[in-house]
Structures are given as C-alpha cells and as structure tokens.
Amino acid sequence: MQIPPAPLLEVRDLSVRLGAPDAPALIEGVNLSLRPGETLGLVGESGSGKTTLGMALMRLLPPLLDRGLSGQVIYDGRDVARMQPAELADIRGSEISMILQDPMASLNPVFSVGNQLKEGLRRHATAPGSLQERAIRALDDVRIPSPEARLASYPHQMSGGMRQRVVGAIALTRAPRLLIADEPTTSLDVTIQYQFLDLLKDLQARLGMAMLFITHDFGVVARMCDRVAVMYAGQIVEQGPVRDIFARPTHWYTRALLDSVPTVNTRLDRLPTIPGAPPTVAARPEGCRFHPRCANAQSRCRSAPPMQERRPGQSARCWFPLDSERTPA
Ligand SMILES: Nc1ncnc2c1ncn2[C@@H]1O[C@H](COP(=O)(O)OP(=O)(O)OP(=O)(O)O)[C@@H](O)[C@H]1O
C-alpha cells in the first residue's frame, strides 16, 4: 500500500474572534488538513466564515481580527499563526498565493499587465530567460492570446476573464505550493468560469500545488475538489471525500444544501430551500448552530455536538446523523 504524503497544511482548533478572548467568534474550532497536490473545497452559505478562514491562513485579516486569532496553522512544519511579519512576507511571496473573487482587487489599475507581472517575476522566479521572455511565457501559461502584445495592456482594457487569468499568472510566478482561491470565478460568465477552472486544474497538475477552493457552488466542488468541508455559522459541520459527501451526506445541513442545488432533472418549482437564514455572528444559538433550521432538531441539539467520524475519512458535527444514500431530486 502506498503511504500518502505528509500534509502540507494542518489547521488545528483555529478560531478568529472580534478582539478579546470572550468576544464573538467569526470562525471557531476549525480543523483541516491538505496534502500536496490535493484540492479541498470549502462550501457554505454567505456569512459562514469561508473568506475569514482563507484570510486567516495567510494572516491577511484586519489587525483587530488578526489579534483575535488562536489555534495553529502548521504549514510545512511551521506555525503561520505565530510568525513575525518578515517570515510572513517571505511565505506569502514564495509559498502561499491567493486568488480573490474580484480580479481588480488584486491588480493595480495604474500599471500595465507587463509591469505587474515582471514585478512578481523579479522578486521570485529562478526560471531561465529574460524578464520579458518569462512574462510572455507566464501569460502564455494561462492561455492569454497574443501574450507579447498584451503585456502593454492595462487591467481596464481587458475582459473580466482575461483579468482573472492575469491574476492567476501573477499568483503562479511564485510557483506556490499552496493556492487559496476564494470564489475566483463568481464574477465571470458561465462559459468563462469553466475555462478558468479547467485552466487552474491543469496548472495544479503541472505544478503539483495544493489548493483550498472557497465556493458556494457544489458544481464547482464536483469539478475541482477531492475533499470538501462544509461550513455553517463559523464552524466546519461536515467534511469528507467529495464522492461520499455527495452520495451520503450525514449532516442535515449538508443534505439540505445539496437538495437545494438544481440538477437537469429538477423541476424548479419542486426545489426545496432551507427555511430561515443563517444567524449573525452575535446571535449564534447555543448547541448545534443549525438546530433552529434543522428538519430533525430534538432537545439534545441544544447542546453542542462534537465532530465525530461517521465513515472512513468523513466526519460530522451532529447528534442524529443521516445514514442513507441521497437520491438527488
Ligand atoms: N472585519 C469584520 N468585523 C466584523 N465582522 C466581520 C468582519 N469581517 C467579516 N465579518 C463577519 O464575519 C462573518 C463571516 O464572514 P465571511 O466573509 O468570512 O463569510 P463568507 O462565508 O466568506 O461569506 P461570503 O460567501 O458572502 O463571502 C459574517 O457574518 C461577517 O459579517
């Protein structure tokens, strides 16, 4: 039997509070791990804490929240949660990269694409060739047509899909070992979305990088991810291999989320929705945080269920887990 590689990233009991140790937590008790070459999807409704978690891993949170960070983020044997600014800058520059939802948030509008790419290449790349040649190659890698001519373009002269490719090219100049992609295709048209996802997959296979893929779209999870973690109200409530989570979710929230995804056979008037709305950070209920919206809530759910393994590699935070195959609507 082949021994799987050691995790590149291991997150242990990570919480982010609004400053003081007794202040409300944006995310709480997060545990996850990621191996080289693996893609973990992070899904959940808006406000569940996905972006906060992604930012916390890179220590890019605003100062108040960064001060409220506790737990461990072990990256390649070192704890990012305890790193000093110089070490953090080093790791962000060469080991971990991030792609955000809005490419304009990552690009500087007053510099040409070539300028921004070369800045990244100058600091990080060790590949052969002149800066100009390497910049052309970087655009070619993300399949931007006429890359040489494109170097002179400014971000506003490009389409959304092209801009996101440029952001990808800049992120990859660092040859990162971990890429955090936070809803990178949400702002793109559907066909462009799929092209960009396929491109990321190709590049991942070539570079062997691990990927944390933040999305609210299970279609994207199915296409991109090996494992998935489901977040609700600041906690991971279920995680496991994508195939198992889709076929046999054990948490009622995962099940409800999956049931609200249309398939080609679903009549839209029959699509179930999850009643109610997720709680705000300040109004999270005691016990299982999903219980006020759960179809199977019982009195025991007013106390907090621990995360427990249900099947090999699949665990959930629920007192009364589901145990049946899911038949999509
Ligand atoms: N700087 C901040 N100060 C206070 N609360 C914040 C701050 N940033 C985020 N929050 C709150 O933390 C919660 C989690 O937000 P986060 O953006 O991480 O969720 P998300 O799952 O990424 O949502 P979306 O899918 O909409 O991006 C939200 O309720 C949000 O209002």
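Modeller: A residue counts as near the ligand if its C-beta atom, placed from the backbone, lies within 6 Å of the ligand. The model itself is predicted.

Colleague: How do you know which residues surround the ligand, and which are the closest?

Modeller: Each of the 15 residues in the shell has its C-beta atom within that 6 Å limit. S46, G47, K50, T51 and T52 are the closest. Helix α1, residues 50-58, gives the largest share of the shell, 3 residues.

Colleague: What makes the residues of the shell around the ligand nonpolar, polar or charged?

Modeller: The class follows from the residue type: Asp, Glu, Lys and Arg count as charged, and Gly is placed among the polar ones. On that basis the shell divides into 5 nonpolar, 9 polar and 1 charged.

Colleague: What makes the 81 residues one nonpolar core?

Modeller: Members must be buried, with 20 or more other C-beta atoms within 10 Å, and must be joined through C-beta atoms within 7 Å. The largest set that satisfies this has 81 residues, and L42, F213 and V230 touch the most other members. Helix α8, residues 160-173, supplies the largest share of this core, 7 residues. In soluble globular proteins, nonpolar side chains tend to be buried together.

Colleague: Which residues does V230 touch?

Modeller: Leaving out residues up to four places away in sequence, V230 touches V43, G44, I236, V237, E238, Q239, H251, Y253, T254 and L257. Each of these therefore has its C-beta atom within 7 Å of that of V230.

Colleague: How do you know where domain 1 touches domain 2?

Modeller: The chain is divided into domain 1 (1-95 + 177-225), domain 2 (107-175) and domain 3 (247-329). The C-alpha centres of domain 1 and domain 2 lie 24 Å apart. By the 7 Å C-beta criterion, 12 residues of domain 1 are in contact with 12 residues of domain 2. On the domain 1 side, the elements that give two or more residues are α3 (85-94) and α9 (190-207). The largest share of that side, 6 residues, is from α9. By class, the domain 1 side has 9 nonpolar, 3 polar and no charged residues.

Colleague: Why is the sheet of 4 strands called open, and which strands stand at the edges?

Modeller: The order is β2-β1-β4-β5, with antiparallel pairing. β2 (25-34) and β5 (78-79) each have a single partner strand, so one side of each is left without a neighbour in the sheet.

Colleague: What makes β4 and β5 a pair?

Modeller: Two strands pair if there are at least two bridges between them. Strand β4, residues 69-75, and β5 have 2 bridges, in the antiparallel sense, so they meet the criterion. Y75 stands opposite R78, and the bridge partner of I74 is D79. The two strands form a hairpin with 2 residues between them, and D76 in the turn has a positive phi of about 50°.

Colleague: How many bridges join β1 to β2, and how many pair β1 with β4?

Modeller: Strand β1, residues 9-17, is joined to β2 by 6 bridges, and β1 pairs with β4 over 6 bridges. V16 stands opposite I27 in β2 and has L69 as its bridge partner in β4. S15 stands opposite S70 in β4.

Definitions and conventions:
Residues are numbered from 1 along each chain as its sequence is written. This is a predicted model: local features need pLDDT of at least 70, side-chain atom pairs count only at pLDDT 80 or more; totals for chains, interfaces and linings use all residues. A residue is buried if 20 or more other C-beta atoms lie within 10 Å of its own, exposed if 12 or fewer, and partly exposed in between; C-beta atoms are placed from the backbone. Two residues are in contact if their C-beta atoms, placed from the backbone, lie within 7 Å. Domain bounds come from an automatic or database domain assignment.
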